[in-house]
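Reader: I'd like a close look at one part of this structure, the first helix of the first chain, and then how the rest fits around it. Could you walk me through it in one go?

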Amino acid sequence: MSPPQLQCEHLTKRFGDHLVVNDLSFELLPGECLGVIGPNGAGKTTTFRMCLGLTAPDGGSVRIFDQPMPQQALAIKERLGVVSQFDSLDPDFSCAENLMVYGRYFGMSRADIQARLSSLLEFAALSHKANAKPGELSGGMKRRLSLARALINNPSLLLLDEPTTGLDPQARHLMWERLQQLLQQGKSILLTTHFMDEAERLCDRLLVVDHGRKIAEGQPRKLIAEHLEPDVVEVYGGDTQALSQGDLRSHAQRIEVSGDTVFFYTQTAQPLLQALSAYPGVRSLHRPANLEDLFLKLTGRQIREEG
Amino acid sequence: MMRLRFWPVFLRNFLVWKKLLIPSLIANIAEPLMWLVAFGYGMGALVGEVRLGEQQVPYIVFLASGSICMSAMNAATFEALYSAFSRMHVQKTWDGIMNAPVRLDDVLLAEMLWAAFKALFTVSAILLVMFGLGIAQSWKLLMAWPILLGVGVVFSCLALIFNALAKGYDFFTYYFTLFLTPMMFLSGVFFPLDTLPEAIRLLAQCLPLTHAVALIRPLFLDQWPNAPWLHMGVLVLYGGVAWQIALHLTRKRFKQ
(Lines give C-alpha, C1' and ligand atoms only; values in the text may rest on other atoms or scores of the structure.)
Protein backbone atom coordinates (compact mmCIF):
# COMPACT_ATOMS: atom_id res chain seq x y z
CA MET A 1 0.00 0.00 0.00
CA SER A 2 1.30 3.46 -0.86
CA PRO A 3 2.27 5.67 2.08
CA PRO A 4 -0.24 8.25 3.37
CA GLN A 5 -0.23 11.69 1.74
CA LEU A 6 -0.67 13.27 5.13
CA GLN A 7 -0.05 11.83 8.55
CA CYS A 8 -0.62 13.53 11.89
CA GLU A 9 0.58 11.73 14.99
CA HIS A 10 -0.35 12.73 18.53
CA LEU A 11 -0.70 16.39 17.57
CA THR A 12 -1.07 18.65 20.58
CA LYS A 13 -1.40 22.41 20.78
CA ARG A 14 -1.93 24.61 23.81
CA PHE A 15 -2.80 28.30 23.89
CA GLY A 16 -2.01 29.28 27.46
CA ASP A 17 -3.85 26.80 29.67
CA HIS A 18 -6.28 25.88 26.95
CA LEU A 19 -5.68 22.60 25.10
CA VAL A 20 -6.83 23.42 21.59
CA VAL A 21 -5.65 20.22 19.95
CA ASN A 22 -5.34 17.18 22.17
CA ASP A 23 -3.41 14.11 21.02
CA LEU A 24 -4.94 14.08 17.55
CA SER A 25 -3.81 11.37 15.12
CA PHE A 26 -5.07 10.68 11.61
CA GLU A 27 -3.96 9.78 8.11
CA LEU A 28 -5.01 10.77 4.63
CA LEU A 29 -4.46 8.08 1.99
CA PRO A 30 -3.73 8.80 -1.68
CA GLY A 31 -6.85 9.63 -3.68
CA GLU A 32 -8.95 9.96 -0.56
CA CYS A 33 -11.13 12.82 0.60
CA LEU A 34 -10.97 13.14 4.38
CA GLY A 35 -13.39 15.53 6.06
CA VAL A 36 -12.74 17.09 9.44
CA ILE A 37 -15.94 18.17 11.15
CA GLY A 38 -16.45 19.70 14.58
CA PRO A 39 -18.11 22.67 16.27
CA ASN A 40 -16.50 26.12 16.32
CA GLY A 41 -13.43 26.08 18.51
CA ALA A 42 -12.97 22.31 18.16
CA GLY A 43 -9.42 22.84 16.90
CA LYS A 44 -10.00 22.33 13.16
CA THR A 45 -8.30 25.49 11.98
CA THR A 46 -5.39 25.09 14.41
CA THR A 47 -4.87 21.55 13.11
CA PHE A 48 -5.02 22.91 9.58
CA ARG A 49 -2.40 25.54 10.41
CA MET A 50 -0.13 22.95 11.99
CA CYS A 51 -0.39 20.86 8.80
CA LEU A 52 0.82 23.92 6.90
CA GLY A 53 3.67 24.56 9.31
CA LEU A 54 2.21 27.94 10.24
CA THR A 55 1.63 27.01 13.87
CA ALA A 56 4.22 24.96 15.73
CA PRO A 57 2.72 21.98 17.61
CA ASP A 58 3.54 21.56 21.31
CA GLY A 59 3.66 17.83 20.77
CA GLY A 60 3.35 15.26 18.02
CA SER A 61 4.30 15.45 14.39
CA VAL A 62 2.99 16.15 10.90
CA ARG A 63 4.31 14.36 7.83
CA ILE A 64 3.20 15.22 4.31
CA PHE A 65 4.40 13.19 1.31
CA ASP A 66 6.42 11.27 3.90
CA GLN A 67 8.44 14.40 4.72
CA PRO A 68 8.40 16.17 8.09
CA MET A 69 6.55 19.46 8.49
CA PRO A 70 7.73 22.17 9.10
CA GLN A 71 11.36 21.09 8.48
CA GLN A 72 10.63 20.34 4.80
CA ALA A 73 7.91 22.98 4.44
CA LEU A 74 9.23 24.42 1.18
CA ALA A 75 9.61 21.06 -0.55
CA ILE A 76 6.15 19.99 0.67
CA LYS A 77 4.45 23.20 -0.44
CA GLU A 78 5.78 22.77 -3.97
CA ARG A 79 3.26 19.91 -4.29
CA LEU A 80 0.49 21.25 -2.07
CA GLY A 81 -2.60 23.31 -2.88
CA VAL A 82 -4.25 25.36 -0.14
CA VAL A 83 -7.56 27.20 0.10
CA SER A 84 -7.85 28.87 3.48
CA GLN A 85 -11.01 29.95 5.20
CA PHE A 86 -10.72 33.59 4.17
CA ASP A 87 -9.96 34.64 0.63
CA SER A 88 -6.53 36.19 0.24
CA LEU A 89 -6.91 37.12 -3.42
CA ASP A 90 -5.09 40.20 -4.65
CA PRO A 91 -7.79 42.87 -5.04
CA ASP A 92 -5.69 44.94 -7.45
CA PHE A 93 -5.16 42.12 -9.95
CA SER A 94 -7.58 40.56 -12.42
CA CYS A 95 -8.42 36.85 -12.17
CA ALA A 96 -5.79 35.97 -14.77
CA GLU A 97 -3.17 38.18 -13.07
CA ASN A 98 -3.96 36.61 -9.71
CA LEU A 99 -3.07 33.20 -11.15
CA MET A 100 0.01 34.56 -12.92
CA VAL A 101 1.38 36.24 -9.81
CA TYR A 102 0.66 33.21 -7.63
CA GLY A 103 2.37 30.82 -10.04
CA ARG A 104 5.57 32.82 -9.71
CA TYR A 105 5.69 32.02 -6.00
CA PHE A 106 6.25 28.41 -7.09
CA GLY A 107 9.12 29.44 -9.33
CA MET A 108 7.05 28.72 -12.45
CA SER A 109 7.98 30.50 -15.65
CA ARG A 110 5.61 32.88 -17.37
CA ALA A 111 5.15 30.38 -20.22
CA ASP A 112 4.37 27.50 -17.83
CA ILE A 113 1.76 29.57 -16.02
CA GLN A 114 0.29 30.87 -19.27
CA ALA A 115 -0.10 27.27 -20.46
CA ARG A 116 -2.27 26.44 -17.45
CA LEU A 117 -4.18 29.71 -17.22
CA SER A 118 -7.08 29.16 -19.56
CA SER A 119 -7.81 25.60 -18.42
CA LEU A 120 -7.77 26.73 -14.79
CA LEU A 121 -10.10 29.65 -15.48
CA GLU A 122 -12.37 27.29 -17.34
CA PHE A 123 -12.26 24.82 -14.47
CA ALA A 124 -13.28 27.64 -12.12
CA ALA A 125 -16.06 28.67 -14.56
CA LEU A 126 -14.40 32.08 -14.76
CA SER A 127 -13.28 32.20 -18.40
CA HIS A 128 -15.61 35.14 -19.00
CA LYS A 129 -14.17 36.94 -15.96
CA ALA A 130 -10.47 36.60 -16.82
CA ASN A 131 -10.01 40.38 -16.77
CA ALA A 132 -12.33 41.13 -13.84
CA LYS A 133 -10.93 41.98 -10.43
CA PRO A 134 -11.97 40.02 -7.32
CA GLY A 135 -14.08 42.97 -6.16
CA GLU A 136 -16.35 42.43 -9.16
CA LEU A 137 -16.85 38.73 -8.41
CA SER A 138 -19.58 37.01 -6.40
CA GLY A 139 -18.67 35.02 -3.29
CA GLY A 140 -18.80 31.74 -5.19
CA MET A 141 -16.61 33.06 -7.98
CA LYS A 142 -14.02 34.26 -5.46
CA ARG A 143 -13.89 30.85 -3.82
CA ARG A 144 -13.49 29.16 -7.19
CA LEU A 145 -10.71 31.58 -8.10
CA SER A 146 -9.03 30.70 -4.79
CA LEU A 147 -9.37 27.03 -5.73
CA ALA A 148 -7.95 27.66 -9.22
CA ARG A 149 -5.07 29.56 -7.65
CA ALA A 150 -4.37 26.62 -5.35
CA LEU A 151 -4.19 24.36 -8.42
CA ILE A 152 -1.64 26.46 -10.32
CA ASN A 153 1.23 24.14 -9.32
CA ASN A 154 -0.78 21.01 -10.15
CA PRO A 155 -0.68 19.75 -6.54
CA SER A 156 -1.37 16.15 -5.62
CA LEU A 157 -2.81 17.08 -2.21
CA LEU A 158 -5.29 19.84 -1.46
CA LEU A 159 -5.99 21.31 1.96
CA LEU A 160 -9.32 23.15 2.03
CA ASP A 161 -10.50 25.05 5.09
CA GLU A 162 -14.28 25.54 4.89
CA PRO A 163 -14.32 25.96 1.11
CA THR A 164 -18.05 26.65 0.80
CA THR A 165 -18.83 28.70 3.90
CA GLY A 166 -21.01 31.67 3.00
CA LEU A 167 -21.96 30.46 -0.48
CA ASP A 168 -25.46 30.09 -1.89
CA PRO A 169 -26.70 26.59 -2.88
CA GLN A 170 -25.89 27.02 -6.58
CA ALA A 171 -22.34 28.11 -5.83
CA ARG A 172 -21.89 25.28 -3.32
CA HIS A 173 -23.07 22.67 -5.79
CA LEU A 174 -20.68 23.97 -8.44
CA MET A 175 -17.83 23.86 -5.93
CA TRP A 176 -18.71 20.26 -4.97
CA GLU A 177 -18.82 19.25 -8.61
CA ARG A 178 -15.33 20.69 -9.13
CA LEU A 179 -13.96 18.98 -6.04
CA GLN A 180 -15.44 15.67 -7.28
CA GLN A 181 -13.62 16.19 -10.57
CA LEU A 182 -10.35 16.73 -8.72
CA LEU A 183 -10.88 13.52 -6.76
CA GLN A 184 -11.54 11.67 -10.02
CA GLN A 185 -8.22 12.99 -11.32
CA GLY A 186 -6.64 11.17 -8.38
CA LYS A 187 -5.91 14.12 -6.13
CA SER A 188 -6.25 13.77 -2.36
CA ILE A 189 -8.25 16.28 -0.34
CA LEU A 190 -8.31 17.24 3.32
CA LEU A 191 -11.39 19.31 3.97
CA THR A 192 -12.80 21.02 7.03
CA THR A 193 -16.47 21.89 6.93
CA HIS A 194 -19.54 22.84 8.95
CA PHE A 195 -21.91 21.40 6.37
CA MET A 196 -22.93 17.84 6.96
CA ASP A 197 -24.35 17.42 3.48
CA GLU A 198 -21.00 18.54 2.11
CA ALA A 199 -19.14 16.08 4.31
CA GLU A 200 -21.49 13.24 3.38
CA ARG A 201 -21.36 13.99 -0.34
CA LEU A 202 -17.63 14.49 -0.78
CA CYS A 203 -15.79 12.63 1.93
CA ASP A 204 -14.73 9.01 1.85
CA ARG A 205 -13.95 9.24 5.51
CA LEU A 206 -14.77 11.62 8.31
CA LEU A 207 -13.00 12.72 11.41
CA VAL A 208 -15.24 14.19 14.09
CA VAL A 209 -13.30 16.41 16.50
CA ASP A 210 -14.45 18.24 19.58
CA HIS A 211 -12.40 20.05 22.21
CA GLY A 212 -9.33 19.16 20.18
CA ARG A 213 -9.90 15.39 20.43
CA LYS A 214 -10.95 12.85 17.87
CA ILE A 215 -14.33 11.53 18.96
CA ALA A 216 -15.20 9.44 15.90
CA GLU A 217 -13.68 8.39 12.61
CA GLY A 218 -15.01 6.41 9.67
CA GLN A 219 -17.08 6.37 6.50
CA PRO A 220 -20.13 8.67 6.76
CA ARG A 221 -22.83 6.00 6.25
CA LYS A 222 -21.08 3.57 8.56
CA LEU A 223 -20.71 6.17 11.28
CA ILE A 224 -24.43 6.90 11.11
CA ALA A 225 -25.31 3.21 11.25
CA GLU A 226 -22.91 2.66 14.13
CA HIS A 227 -24.07 5.51 16.33
CA LEU A 228 -27.71 6.10 15.44
CA GLU A 229 -31.07 4.44 14.99
CA PRO A 230 -32.07 4.54 11.31
CA ASP A 231 -35.24 6.66 11.67
CA VAL A 232 -35.93 10.04 13.24
CA VAL A 233 -39.32 11.54 13.99
CA GLU A 234 -39.30 15.22 14.91
CA VAL A 235 -42.39 16.42 16.74
CA TYR A 236 -43.28 20.08 17.20
CA GLY A 237 -46.08 22.10 18.65
CA GLY A 238 -47.05 19.97 21.65
CA ASP A 239 -46.19 19.89 25.31
CA THR A 240 -42.62 18.64 25.14
CA GLN A 241 -42.83 17.29 28.68
CA ALA A 242 -45.90 15.17 27.95
CA LEU A 243 -44.55 13.99 24.59
CA SER A 244 -41.19 12.92 25.86
CA GLN A 245 -42.33 11.38 29.14
CA GLY A 246 -45.56 9.78 27.94
CA ASP A 247 -46.48 6.50 26.24
CA LEU A 248 -44.53 7.40 23.09
CA ARG A 249 -41.35 6.47 24.95
CA SER A 250 -41.91 2.80 24.34
CA HIS A 251 -41.71 3.32 20.56
CA ALA A 252 -38.32 5.04 20.53
CA GLN A 253 -34.86 3.91 21.50
CA ARG A 254 -33.72 7.41 22.31
CA ILE A 255 -35.50 10.75 22.87
CA GLU A 256 -34.04 14.24 22.81
CA VAL A 257 -35.73 17.53 23.60
CA SER A 258 -34.38 20.73 22.11
CA GLY A 259 -36.43 23.89 22.55
CA ASP A 260 -39.99 23.12 21.38
CA THR A 261 -39.00 20.05 19.40
CA VAL A 262 -38.88 16.44 20.53
CA PHE A 263 -36.62 14.08 18.56
CA PHE A 264 -37.50 10.38 18.61
CA TYR A 265 -34.78 8.04 17.36
CA THR A 266 -36.22 4.68 16.44
CA GLN A 267 -35.63 1.40 14.60
CA THR A 268 -39.11 1.48 13.06
CA ALA A 269 -41.12 4.63 12.82
CA GLN A 270 -44.57 3.22 11.98
CA PRO A 271 -45.79 2.34 15.50
CA LEU A 272 -44.60 5.73 16.75
CA LEU A 273 -46.37 7.60 13.94
CA GLN A 274 -49.60 5.71 14.69
CA ALA A 275 -49.33 6.50 18.37
CA LEU A 276 -48.77 10.15 17.52
CA SER A 277 -52.24 10.40 15.96
CA ALA A 278 -53.57 10.39 19.53
CA TYR A 279 -51.93 13.79 20.00
CA PRO A 280 -54.01 16.29 18.03
CA GLY A 281 -52.42 19.59 17.11
CA VAL A 282 -48.82 18.40 16.93
CA ARG A 283 -46.88 18.38 13.68
CA SER A 284 -44.29 15.75 12.90
CA LEU A 285 -41.54 15.04 10.39
CA HIS A 286 -40.35 11.53 9.66
CA ARG A 287 -36.93 11.21 8.03
CA PRO A 288 -33.89 8.92 7.96
CA ALA A 289 -31.12 9.66 10.44
CA ASN A 290 -28.37 11.77 8.90
CA LEU A 291 -24.91 13.04 9.61
CA GLU A 292 -26.23 16.11 11.34
CA ASP A 293 -27.97 13.89 13.93
CA LEU A 294 -24.71 12.06 14.44
CA PHE A 295 -22.81 15.30 14.79
CA LEU A 296 -25.27 16.69 17.32
CA LYS A 297 -25.32 13.43 19.24
CA LEU A 298 -21.54 13.38 19.49
CA THR A 299 -20.94 17.07 20.15
CA GLY A 300 -24.15 18.11 21.88
CA ARG A 301 -26.81 20.65 20.96
CA GLN A 302 -25.69 23.55 23.10
CA ILE A 303 -24.31 26.63 21.36
CA ARG A 304 -20.55 27.04 21.82
CA GLU A 305 -19.07 30.24 23.13
CA GLU A 306 -17.30 30.80 19.84
CA GLY A 307 -20.52 30.17 17.92
CA MET B 1 17.59 24.34 -7.14
CA MET B 2 18.43 27.66 -5.56
CA ARG B 3 16.02 30.46 -6.20
CA LEU B 4 15.40 33.89 -4.77
CA ARG B 5 12.05 33.38 -3.11
CA PHE B 6 11.62 37.02 -2.15
CA TRP B 7 11.75 38.14 -5.78
CA PRO B 8 8.22 37.17 -6.93
CA VAL B 9 6.86 38.93 -3.83
CA PHE B 10 8.80 42.08 -4.69
CA LEU B 11 7.56 41.78 -8.26
CA ARG B 12 3.98 41.45 -7.03
CA ASN B 13 4.22 44.77 -5.19
CA PHE B 14 5.84 46.36 -8.21
CA LEU B 15 3.00 45.20 -10.50
CA VAL B 16 0.33 46.60 -8.18
CA TRP B 17 2.23 49.88 -7.93
CA LYS B 18 2.46 50.10 -11.72
CA LYS B 19 -1.34 50.05 -11.85
CA LEU B 20 -1.63 52.88 -9.34
CA LEU B 21 1.28 54.86 -10.70
CA ILE B 22 -0.39 58.24 -11.18
CA PRO B 23 -1.87 58.75 -7.67
CA SER B 24 1.28 57.24 -6.22
CA LEU B 25 3.46 59.74 -8.10
CA ILE B 26 1.37 62.64 -6.90
CA ALA B 27 1.51 61.58 -3.28
CA ASN B 28 5.22 60.78 -3.28
CA ILE B 29 6.64 63.49 -5.50
CA ALA B 30 4.27 66.41 -5.94
CA GLU B 31 3.88 66.93 -2.22
CA PRO B 32 7.57 67.12 -1.27
CA LEU B 33 8.10 69.44 -4.24
CA MET B 34 5.36 71.77 -3.06
CA TRP B 35 7.05 71.96 0.32
CA LEU B 36 10.34 72.65 -1.31
CA VAL B 37 9.02 75.41 -3.53
CA ALA B 38 6.89 77.04 -0.83
CA PHE B 39 9.51 76.90 1.91
CA GLY B 40 12.61 77.07 -0.22
CA TYR B 41 11.62 80.11 -2.20
CA GLY B 42 9.18 81.64 0.29
CA MET B 43 11.26 81.17 3.46
CA GLY B 44 14.44 81.42 1.44
CA ALA B 45 13.51 85.01 0.55
CA LEU B 46 13.30 85.78 4.29
CA VAL B 47 16.27 83.74 5.43
CA GLY B 48 18.58 84.39 2.52
CA GLU B 49 21.66 82.31 3.21
CA VAL B 50 22.46 79.81 5.93
CA ARG B 51 25.87 79.58 7.54
CA LEU B 52 27.19 76.05 7.34
CA GLY B 53 30.58 75.82 9.04
CA GLU B 54 32.79 78.16 7.04
CA GLN B 55 30.46 78.67 4.10
CA GLN B 56 27.26 80.50 3.24
CA VAL B 57 24.66 78.34 1.53
CA PRO B 58 21.46 79.53 -0.21
CA TYR B 59 18.50 78.40 1.90
CA ILE B 60 16.84 76.57 -1.00
CA VAL B 61 19.94 74.38 -1.45
CA PHE B 62 20.15 73.82 2.30
CA LEU B 63 16.50 72.78 2.40
CA ALA B 64 16.60 70.71 -0.77
CA SER B 65 19.54 68.65 0.45
CA GLY B 66 17.80 67.96 3.77
CA SER B 67 14.32 67.39 2.44
CA ILE B 68 15.47 64.82 -0.11
CA CYS B 69 16.54 62.67 2.85
CA MET B 70 13.20 63.33 4.49
CA SER B 71 11.42 62.25 1.31
CA ALA B 72 13.37 58.99 1.27
CA MET B 73 12.42 58.46 4.91
CA ASN B 74 8.75 59.26 4.38
CA ALA B 75 8.34 57.19 1.23
CA ALA B 76 9.93 54.12 2.83
CA THR B 77 8.03 54.61 6.08
CA PHE B 78 4.59 54.97 4.50
CA GLU B 79 5.12 51.91 2.36
CA ALA B 80 6.46 49.72 5.17
CA LEU B 81 3.77 50.85 7.60
CA TYR B 82 0.43 51.46 5.92
CA SER B 83 0.87 49.49 2.71
CA ALA B 84 2.69 46.54 4.24
CA PHE B 85 0.13 46.41 7.05
CA SER B 86 -2.70 46.34 4.52
CA ARG B 87 -1.07 43.42 2.76
CA MET B 88 -0.15 41.61 5.96
CA HIS B 89 -3.23 42.17 8.10
CA VAL B 90 -6.15 43.48 6.07
CA GLN B 91 -5.86 41.74 2.70
CA LYS B 92 -4.11 38.64 4.11
CA THR B 93 -1.81 38.74 1.11
CA TRP B 94 1.09 37.41 3.18
CA ASP B 95 -0.96 34.42 4.33
CA GLY B 96 -1.79 33.56 0.75
CA ILE B 97 1.86 33.83 -0.28
CA MET B 98 3.02 31.61 2.57
CA ASN B 99 0.75 28.80 1.40
CA ALA B 100 3.14 28.67 -1.55
CA PRO B 101 6.79 27.68 -1.01
CA VAL B 102 7.80 31.13 0.28
CA ARG B 103 8.93 31.74 3.88
CA LEU B 104 7.83 34.57 6.12
CA ASP B 105 11.44 35.81 6.09
CA ASP B 106 11.31 36.03 2.29
CA VAL B 107 8.06 38.02 2.42
CA LEU B 108 9.50 40.42 4.98
CA LEU B 109 12.69 40.87 2.95
CA ALA B 110 10.60 41.60 -0.14
CA GLU B 111 8.54 44.18 1.75
CA MET B 112 11.69 45.82 3.11
CA LEU B 113 13.37 46.03 -0.29
CA TRP B 114 10.15 47.16 -1.91
CA ALA B 115 9.74 50.07 0.51
CA ALA B 116 13.39 51.00 -0.08
CA PHE B 117 12.83 50.84 -3.82
CA LYS B 118 9.86 53.16 -3.53
CA ALA B 119 12.02 55.60 -1.59
CA LEU B 120 14.63 55.39 -4.32
CA PHE B 121 12.06 55.97 -7.03
CA THR B 122 10.60 58.96 -5.20
CA VAL B 123 13.93 60.66 -4.57
CA SER B 124 15.08 59.99 -8.14
CA ALA B 125 12.11 61.90 -9.49
CA ILE B 126 12.59 64.73 -7.01
CA LEU B 127 16.32 64.91 -7.75
CA LEU B 128 15.50 65.17 -11.42
CA VAL B 129 13.21 68.13 -10.79
CA MET B 130 15.81 69.78 -8.53
CA PHE B 131 18.33 69.29 -11.27
CA GLY B 132 15.94 70.89 -13.75
CA LEU B 133 15.29 73.84 -11.42
CA GLY B 134 19.02 74.36 -11.12
CA ILE B 135 18.98 73.80 -7.36
CA ALA B 136 21.64 71.12 -7.60
CA GLN B 137 23.81 70.27 -10.54
CA SER B 138 26.94 68.61 -9.16
CA TRP B 139 27.92 65.29 -10.72
CA LYS B 140 28.69 64.18 -7.16
CA LEU B 141 24.92 63.79 -6.79
CA LEU B 142 25.25 60.43 -8.53
CA MET B 143 26.59 59.25 -5.16
CA ALA B 144 23.37 60.45 -3.51
CA TRP B 145 21.53 57.67 -5.28
CA PRO B 146 22.99 54.61 -3.49
CA ILE B 147 23.09 56.53 -0.21
CA LEU B 148 19.40 57.40 -0.42
CA LEU B 149 18.59 53.78 -1.24
CA GLY B 150 20.41 52.93 1.98
CA VAL B 151 18.37 55.55 3.82
CA GLY B 152 15.24 53.89 2.41
CA VAL B 153 16.43 50.51 3.71
CA VAL B 154 17.08 51.90 7.21
CA PHE B 155 13.66 53.51 7.51
CA SER B 156 11.78 50.58 6.04
CA CYS B 157 13.47 48.27 8.59
CA LEU B 158 12.51 50.66 11.39
CA ALA B 159 8.93 50.91 10.13
CA LEU B 160 8.61 47.12 9.85
CA ILE B 161 9.21 46.87 13.59
CA PHE B 162 6.07 48.92 14.17
CA ASN B 163 4.26 47.01 11.45
CA ALA B 164 4.95 43.80 13.38
CA LEU B 165 3.56 45.31 16.59
CA ALA B 166 0.48 47.03 15.16
CA LYS B 167 -3.08 45.98 15.93
CA GLY B 168 -4.49 48.60 13.57
CA TYR B 169 -3.60 51.66 11.54
CA ASP B 170 -4.08 53.97 14.55
CA PHE B 171 -0.98 52.52 16.15
CA PHE B 172 1.22 54.17 13.52
CA THR B 173 0.28 57.60 14.84
CA TYR B 174 2.62 56.91 17.78
CA TYR B 175 5.50 56.22 15.48
CA PHE B 176 4.89 59.35 13.45
CA THR B 177 4.20 61.70 16.34
CA LEU B 178 6.76 60.40 18.80
CA PHE B 179 9.59 59.47 16.47
CA LEU B 180 9.42 60.68 12.89
CA THR B 181 8.12 64.22 13.37
CA PRO B 182 10.59 65.17 16.15
CA MET B 183 13.38 63.62 14.10
CA MET B 184 12.37 65.71 11.10
CA PHE B 185 12.98 68.85 13.14
CA LEU B 186 16.11 67.61 14.92
CA SER B 187 18.10 66.31 12.01
CA GLY B 188 19.10 69.54 10.32
CA VAL B 189 16.58 69.31 7.51
CA PHE B 190 15.01 72.74 7.99
CA PHE B 191 17.63 74.60 10.04
CA PRO B 192 21.25 74.05 11.06
CA LEU B 193 21.81 72.19 14.32
CA ASP B 194 24.47 74.54 15.77
CA THR B 195 21.80 76.98 16.97
CA LEU B 196 20.26 74.28 19.19
CA PRO B 197 21.16 73.74 22.90
CA GLU B 198 23.97 71.27 23.58
CA ALA B 199 21.76 68.47 24.95
CA ILE B 200 19.48 68.52 21.95
CA ARG B 201 22.46 68.57 19.62
CA LEU B 202 23.75 65.42 21.28
CA LEU B 203 20.36 63.79 20.91
CA ALA B 204 20.30 64.83 17.26
CA GLN B 205 23.63 63.05 16.71
CA CYS B 206 21.94 59.78 17.69
CA LEU B 207 19.22 60.06 15.04
CA PRO B 208 19.64 58.23 11.73
CA LEU B 209 18.22 61.09 9.68
CA THR B 210 20.96 63.43 10.96
CA HIS B 211 23.58 61.13 9.49
CA ALA B 212 21.71 60.80 6.22
CA VAL B 213 21.62 64.58 5.90
CA ALA B 214 25.32 64.81 6.81
CA LEU B 215 26.11 62.46 3.91
CA ILE B 216 23.83 64.04 1.31
CA ARG B 217 24.15 67.81 1.93
CA PRO B 218 27.81 68.18 0.88
CA LEU B 219 27.04 66.42 -2.41
CA PHE B 220 24.58 69.22 -3.22
CA LEU B 221 27.41 71.72 -2.61
CA ASP B 222 29.77 69.83 -4.91
CA GLN B 223 31.79 68.61 -1.89
CA TRP B 224 32.50 65.23 -0.28
CA PRO B 225 31.08 64.60 3.20
CA ASN B 226 33.25 64.72 6.30
CA ALA B 227 33.73 61.41 8.07
CA PRO B 228 31.57 59.47 5.59
CA TRP B 229 32.38 56.10 7.19
CA LEU B 230 31.12 57.26 10.55
CA HIS B 231 27.78 58.38 9.12
CA MET B 232 27.44 55.25 7.02
CA GLY B 233 28.39 53.16 10.01
CA VAL B 234 25.57 54.67 12.07
CA LEU B 235 23.07 54.04 9.25
CA VAL B 236 24.25 50.45 8.78
CA LEU B 237 23.97 49.88 12.52
CA TYR B 238 20.44 51.27 12.61
CA GLY B 239 19.43 49.23 9.57
CA GLY B 240 21.02 46.01 10.79
CA VAL B 241 19.62 46.15 14.30
CA ALA B 242 16.17 47.29 13.13
CA TRP B 243 16.02 44.45 10.60
CA GLN B 244 16.83 41.85 13.25
CA ILE B 245 14.17 43.25 15.58
CA ALA B 246 11.59 43.48 12.80
CA LEU B 247 12.31 39.89 11.75
CA HIS B 248 12.06 38.62 15.32
CA LEU B 249 8.80 40.48 16.03
CA THR B 250 7.21 39.51 12.73
CA ARG B 251 8.03 35.83 13.30
CA LYS B 252 6.53 36.12 16.76
CA ARG B 253 3.39 37.74 15.38
CA PHE B 254 2.89 34.89 12.91
CA LYS B 255 3.54 32.17 15.51
CA GLN B 256 0.13 32.81 17.09
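Author: Let's start right where that helix ends: H1(A) is followed by Gly53(A), which has a positive phi, near 75 degrees. Keep in mind that this is a predicted model. As for the helix itself, H1 of chain A covers residues 44–51, and 6 of its 8 residues are buried, so it is largely enclosed by the rest of the structure. The buried ones are Lys44(A), Thr46(A), Thr47(A), Phe48(A), Met50(A) and Cys51(A). Here "buried" takes 20 or more other C-beta atoms within 10 Å of a residue's own.

What does H1(A) lie across? It lies across four strands of chain A, namely E3, E7 (157–161), E8 (188–193) and E9, and it runs at about 150 degrees to E7(A).

Those strands belong to an open sheet of 6 strands in chain A, in the order E6-E7-E8-E3-E9-E10, with mixed pairing. E6 (80–83) and E10 (213–218) of chain A stand at the edges with a single partner strand each, so one side of each has no neighbour in the sheet. From one strand to the next, the twist averages 15 degrees. As background, strands of a sheet pair through backbone hydrogen bonds, either parallel or antiparallel. Over at the E10(A) edge, E9(A), residues 205–210, and E10(A) run antiparallel and are joined by 5 bridges. One pairing you can pick out there is Val209(A) with its bridge partner Lys214(A) in E10(A).

Now for a loop leading into the sheet. Gly31(A) is in the loop between E2 (18–28) and E3 (33–37) of chain A. It counts as partly exposed, because it has 16 C-beta neighbours inside 10 Å. Apart from its neighbours within four places in sequence, Gly31(A) is in contact with Gly186(A) and Ser188(A). Leu182(A) is worth finding too: its C-alpha is 9.4 Å from that of Gly31(A), although the two are 151 residues apart in sequence.

On the other side of H1(A) in sequence, there's another set of paired strands to look at. E1(A), residues 6–15, and E4(A), residues 59–64, run antiparallel and are joined by 5 bridges. Leu6(A) has Ile64(A) in E4(A) as its bridge partner. E4(A) also pairs in the antiparallel sense with E5(A), residues 67–69, over 3 bridges. In that pairing, Val62(A) has Met69(A) as its bridge partner. The hairpin of E4(A) and E5(A) has 2 residues between the strands, and Phe65(A) takes a positive phi there, near 50 degrees.

Stepping back to the whole chain, chain A has 11 helices and 14 strands. Its C-alpha atoms fill a box of roughly 75 × 45 × 40 Å along the principal axes. Of its 307 residues, 41% are buried. Among contacts in chain A with a separation of 6 or more, 69% are between residues 24 or more positions apart.

The domain assignment splits chain A into domain 1 (6–219) and domain 2 (228–299). Their C-alpha centres lie 38 Å apart. The contact takes 10 residues from domain 1 of chain A and 6 residues from domain 2 of chain A. On the domain 1 side, H7 (196–202), E9 and E10 of chain A each supply at least two residues, so to speak the sheet strands turn up again here. H7(A) gives the most to that side, with 3 residues. By class, the domain 1 side has 7 nonpolar, 1 polar and 2 charged residues.

Finally, the partner chain. In chain B, 19 residues are in contact with 19 residues of chain A. H1 (7–19) and H4 (93–98) of chain B are the elements that give two or more residues to the side touching chain A. H1(B) gives the most, with 6 residues. That side of chain B has 9 nonpolar, 4 polar and 6 charged residues. Within chain B, H3(B), residues 59–90, and H5(B), residues 104–133, pack at an angle of about 145 degrees, with their axes 8 Å apart. H3(B) passes H5(B) in a right-handed crossing. The contact includes Ala64(B) and Ile68(B) of H3(B), and Trp114(B) and Met130(B) of H5(B). By class, this helix contact has 16 nonpolar, 2 polar and 3 charged residues.

Notes:
Residues numbered from 1 in each chain as written. Chains lettered and ligands numbered in written order. Predicted model: local features only at pLDDT ≥ 70, side-chain atom pairs only at ≥ 80, totals over all residues. Buried ≥ 20, exposed ≤ 12 C-beta atoms within 10 Å, placed from the backbone. Contact = placed C-beta atoms within 7 Å. Nonpolar A, V, L, I, M, F, W, Y, C, P; charged D, E, K, R; others polar. Pairing = 2+ DSSP bridges. Axes fitted to C-alpha atoms, helices over the stretch in contact; angles between N-to-C directions. Left-handed = near helix turned anticlockwise from the far one by under 90°. Domains from an automatic or database assignment.
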